[in-house]
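Welcome, and please open the structure in your viewer. Keep the selection box handy, as each stop starts with something to pick.

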Amino acid sequence: MDISHLLTSHSRNMEASLVRELLHYSQQPDVLSLAGGLPDENLMPAYPELKQLTDSRQYGPSEGEKDLRECIVSIVAERGIQTSTDNVLVTNGSQQGLDIVSRLILDESSTILTEQPTYLAACQVFKLQGAKVQDVMSDAEGMSVSALRDAIEKHHPKAVYLIPNFQNPAGHCYSLERRLEIAALLDEKNILLIEDDPYRDLCYDNVDLTPISTLIKQAPWLYMGSFSKVLWPGLRTGYIVSCDAFSPYLVKVKQAVDLHTNRLGQSMITQFFKSGQYPDHVIKLQKAYKEKRDVMAEALNAELGDLIEFSLPAGGMFFWVKLPAGVSSQLVLTEALKDKVLVLPGTPFFPCKSSLDDSFLRLSFARVSPAQIHQAITVLAKVIRQLV
Ligand SMILES: Cc1ncc(COP(=O)(O)O)c(C=O)c1O
């Protein structure tokens, strides 16, 4: 049945997420997947006992459970963000945070600036509102400040969307200097910052993690966090912390979208934090993921060091690998899949057709064992060498 006449012009133009389309391959037991951004189930703590949880059967507040919002206030205070529960909105993961913010600020007349490359599902959300997504050149320290200045002057954006810590997909982490420069520029131009920070606790090296939101003096800002990468992504729980002016508007959109985030998941996360286990849990995650990161770096260097380029990510889940000249990431995907290894081409992470680059792969080390990493990289090396 053709239903295209029923769709809005923006829904008609929607592109499917390659990551989610590839997910069914990664669920096949004989496929080794480096493609998803999924955390390792073996490192997830057990759920708290149901009987400890508060009564979650009734409807709850749109802002989120008070206990969880208090927890979030202390979590972000440790990061340098001084706020109150009034400025915390609990969301269905930070993905919903992006949706709520987009509904609030973006329409067909708006432009939003992003890093190049950037998190593809954020662009899906921005584009669904009809907004123009404009990428801005980025390097190992994050978005280029001069390119950002030019883009602000040329495109008059509503907002700048940044993932400063262990970015998805490029893995970069902003230096303190870059954070300060970006904050100063956003203040000067009075542009809204949307800071997305789901990976910060997956930190393996000594790097600066100061939220840019804390360095801003007068421009508006929104800071998003998530429990997905460090606890249980299936519970779909994240949050937006906002500067004062935004909070009432964000809550109204949340009410319209889904009334509130599911209460049972919020209670489980609160229980876990209150039990005092989180600090040890993070140490465990950091140790395990750091080991996997190092194994992947070693394997890539040993098998492909003469052909590819990559930087060691100081945290997060991803290597961003530049393929040898002329080797197409799409072709690597197809050929590696014949040998039951799934990788993710970098193409969907480029929001603008003009900057599209088919020479990158995003490789995740999070959900595979060290032995599987070796196995997968051996296959990848064979495939890439055949294509050179
Ligand atoms: C940068 C970034 N933002 C947001 C999300 C969405 O996370 P959540 O599970 O909290 O919705 C992801 C997930 O991969 C991500 O990489």
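Below is a tour with stops at the ligand, two helices, the cavities and two loops.

Before you start, note that this is a predicted model, in which local features need pLDDT of at least 70, side-chain atom pairs count only at pLDDT 80 or more, and totals for chains, interfaces and linings use all residues. Residues are numbered from 1 along each chain as its sequence is written, and side-chain values use heavy atoms, with hydrogens and water left out.

**Stop 1: the ligand**

Select the ligand and show the residues around it, meaning those with a heavy atom within 4 Å of it. There are 13 of them, and Ser94, Asp196, Tyr199, Ser226 and Ser228 come nearest. Now look at the polar contacts (pairs of N or O atoms within 3.5 Å; within protein, one must be able to donate a hydrogen and the other to accept it, and residues adjacent in sequence count only if both atoms are side-chain atoms). Ser94 places a polar backbone atom 2.7 Å from an oxygen atom of the ligand. Asp196 has a polar side-chain atom 2.6 Å from a ligand nitrogen atom. For Arg236, an N or O atom in the side chain is 2.7 Å from an oxygen atom of the ligand.

**Stop 2: helices α4 and α5**

Select residues 93–105, which form helix α4. Helices here are DSSP runs of H or I with at least four residues, strands are runs of E with at least two, and both are numbered from the N terminus. The 13 residues of α4 reach 19 Å from first C-alpha to last, close to the 18 Å expected (1.5 Å times one less than the number of residues). Is α4 largely enclosed by the rest of the structure, or largely not? It is largely enclosed, because 10 of its 13 residues are buried. Buried means under 20% relative accessible area, with exposed over 50% and partly exposed in between (1.4 Å probe, protein chains only). Ser94, from the ligand stop, is among the buried residues of α4, as are Gly93 and Ile105.

Next select 120–128, helix α5, where the buried residues are Leu120, Ala121, Ala122, Cys123, Val125 and Phe126. Just after α5, click on Gly130, which takes a positive phi of about 90°.

**Stop 3: the cavities**

Four cavities of 30 Å³ or more are present. A cavity is a set of points, on a 1 Å grid over the protein atoms alone, where a 1.4 Å probe fits but cannot get out; lining residues have an atom within 4 Å of a point. Points are joined across faces, edges and corners, and a volume is the space filled by probe spheres set on them.

The largest cavity holds about 100 Å³ of space. Select Arg79, Asp201, Ser226, Val230 and Tyr278, the closest to its centre of the 13 lining residues.

The second largest cavity has a volume of about 40 Å³. Its lining includes Glu63, Asp86 and Asn87. β2 (88–91) and α9 (247–258) each supply at least two lining residues, and α9 gives the largest share, with three.

**Stop 4: two buried loop residues**

Select Pro313, in the loop between α11 (278–304) and β10 (318–322). Its relative accessibility is 3%, so Pro313 counts as buried.

Finish at Thr237, in the loop between β8 (221–226) and β9 (238–242). Thr237 is buried too, with a relative accessible area of 1%. Draw a line between the C-alpha atoms of Thr237 and Asp339: they are 102 residues apart along the chain and separated by 36 Å.

Conventions: On a 1 Å grid over the protein atoms alone, a cavity is a set of points where a 1.4 Å probe fits but cannot get out, and a pocket is an open set with protein on both sides within 12 Å along at least five of seven lines; lining residues have an atom within 4 Å of a point.
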